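Me: I've got a structure here that I'd like to go through with you. Could you take it slowly, since I'm new to this?

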Amino acid sequence: MKRLWAALGLVLALSAIMPRVASAQSISEAAKPSMKQNWPNPFNPVTTTEISVGGPPTCPERGKSYHVTVRVLNDIGRVVAYPALLGSSGGVAGGTPLNNVLLSCGTYRAFWDGKVLSNGKEAASGIYFIEFRQDGVAVAVKAIVGK
């Protein structure tokens, strides 16, 4: 019983000194990630989307590199694929899967060939989500595979 009261006292003491709101690294509005709807949509078997890293065209943090991941998720949130970079840019070769790569501010195109990462077969018809993460901040679009 004494331990229970001690634990409760510790929780109350910590809650008194902890900040009321936790915040992650701040990202200026202009530098937030953005992504256009993929095209074509619905698609079979390939699609492309455009991502904006670091807030182009103004690029408020010039010279900064961003950790970028673009992934395709199925309707239950499992990773299906990592689209590839179309064309090379900033030292990243074209065709590189966009999985935790460093990219500078700019606009890029991501290409998904419709293949599933685990088995190399074409993805089944249905709804998928293309998620773009820049330094942990995510945006997503809905993509439909139609057969």
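Me: Are Cys59 and Cys105 buried or exposed?

Reply: This is a predicted model, and in the model both Cys59 and Cys105 are buried.

Me: How far apart are the sulfurs of Cys59 and Cys105?

Reply: The two residues are joined by a disulfide, with an S to S distance of 2.0 Å, and the structure holds 1 disulfide. The angle about the S-S bond is -85°, and the link of Cys59 and Cys105 is left-handed.

Me: Where in the chain do Cys59 and Cys105 sit?

Reply: The disulfide links distant parts of the chain, 46 residues apart: Cys59 is in the loop between β2 (47-53) and β3 (65-73), while Cys105 is in the loop between β6 (101-104) and β7 (106-112).

Me: You keep naming strands, so how many helices and strands does the protein come to?

Reply: The secondary structure comes to 1 helix and 9 strands, and the order from the N terminus on is α-β-β-β-β-β-β-β-β-β. Of the 147 residues in the protein, 32% are buried.

Me: Which residues touch the most others in the largest nonpolar core?

Reply: That core has 27 residues, and those touching the most other members are Ile51, Val53, Val68, Val70, Leu103 and Trp112. Several elements give two or more residues to this core, including β2, β7 and β9 (137-145), and β3 gives the most, with 4 residues.

Me: Switching to rings, how many aromatic pairs are there?

Reply: The structure holds 2 aromatic pairs. One of them is formed by Phe43 and Trp112, which lie edge-to-face at 5.6 Å centre to centre, with 70° between the planes. This pair links parts that are 69 residues apart, with Phe43 in the loop between β1 (34-35) and β2 and Trp112 in strand β7.

Me: And why is the pair of Trp112 and Tyr128 edge-to-face?

Reply: The ring planes of Trp112 and Tyr128 are at 65°, with the centres 5.9 Å apart, so the pair is edge-to-face, since planes over 60 degrees apart count that way. Trp112 in strand β7 and Tyr128 in strand β8 are 16 residues apart, and both residues are buried. Taken together, Phe43, Trp112 and Tyr128 form one aromatic cluster.

Me: What about charges, how many salt bridges does a search of the whole structure find?

Reply: The search finds 6 salt bridges. Among them is the one between Lys36 and Glu50, whose closest N and O atoms are 3.2 Å apart, and Lys36, Glu50 and Arg109 are linked in a network of salt bridges.

Me: Why does Glu50 count as buried?

Reply: Glu50 has a relative accessibility of 15%, so Glu50 counts as buried, because buried means under 20% relative accessible area.

Me: Which residue does Lys64 bridge to at 3.7 Å in the loop direction of Asp135, or rather, how far apart are the closest N and O atoms of Lys64 and Asp135?

Reply: The closest N and O atoms of Lys64 and Asp135 are 3.7 Å apart, and the two form a salt bridge. Lys64 is in the loop between β2 and β3 and Asp135 in the loop between β8 and β9, so this pair ties together parts that are 71 residues apart in sequence. Lys64 also forms a salt bridge with Glu61.

Me: Last one: which residues form a nonpolar patch on the surface?

Reply: The patch is formed by Ile127, Phe129 and Ile144, which have about 220 Å² of accessible area together. Phe129 lies in strand β8 (residues 126-134) and is partly exposed, with a relative accessible area of 33%.

Methods. Residues are numbered from 1 along each chain as its sequence is written. This is a predicted model: local features need pLDDT of at least 70, side-chain atom pairs count only at pLDDT 80 or more; totals for chains, interfaces and linings use all residues. Side-chain values use heavy atoms; hydrogens and water are left out. Patches are made of residues with over 30% relative accessible area and no salt bridge: like charges are joined within 9 Å, nonpolar side chains (Val, Leu, Ile, Met, Phe, Trp, Tyr) within 5 Å. Accessible areas come from the Shrake-Rupley method with a 1.4 Å probe; for residues, only the protein chains shown count as cover. A salt bridge is a side-chain nitrogen of Lys or Arg within 4 Å of a carboxyl oxygen of Asp or Glu. Buried means under 20% relative accessible area, exposed over 50%, partly exposed in between (1.4 Å probe, protein chains only). A disulfide is a pair of cysteine sulfur atoms within 2.5 Å. Rings of Phe, Tyr and Trp (its six-membered ring) pair if their centres lie within 6.5 Å; planes under 30 degrees apart count as stacked, over 60 as edge-to-face and the rest as tilted. A nonpolar core is a set of buried Ala, Val, Leu, Ile, Met, Phe, Trp, Tyr and Cys residues joined through side-chain atoms within 4.5 Å.
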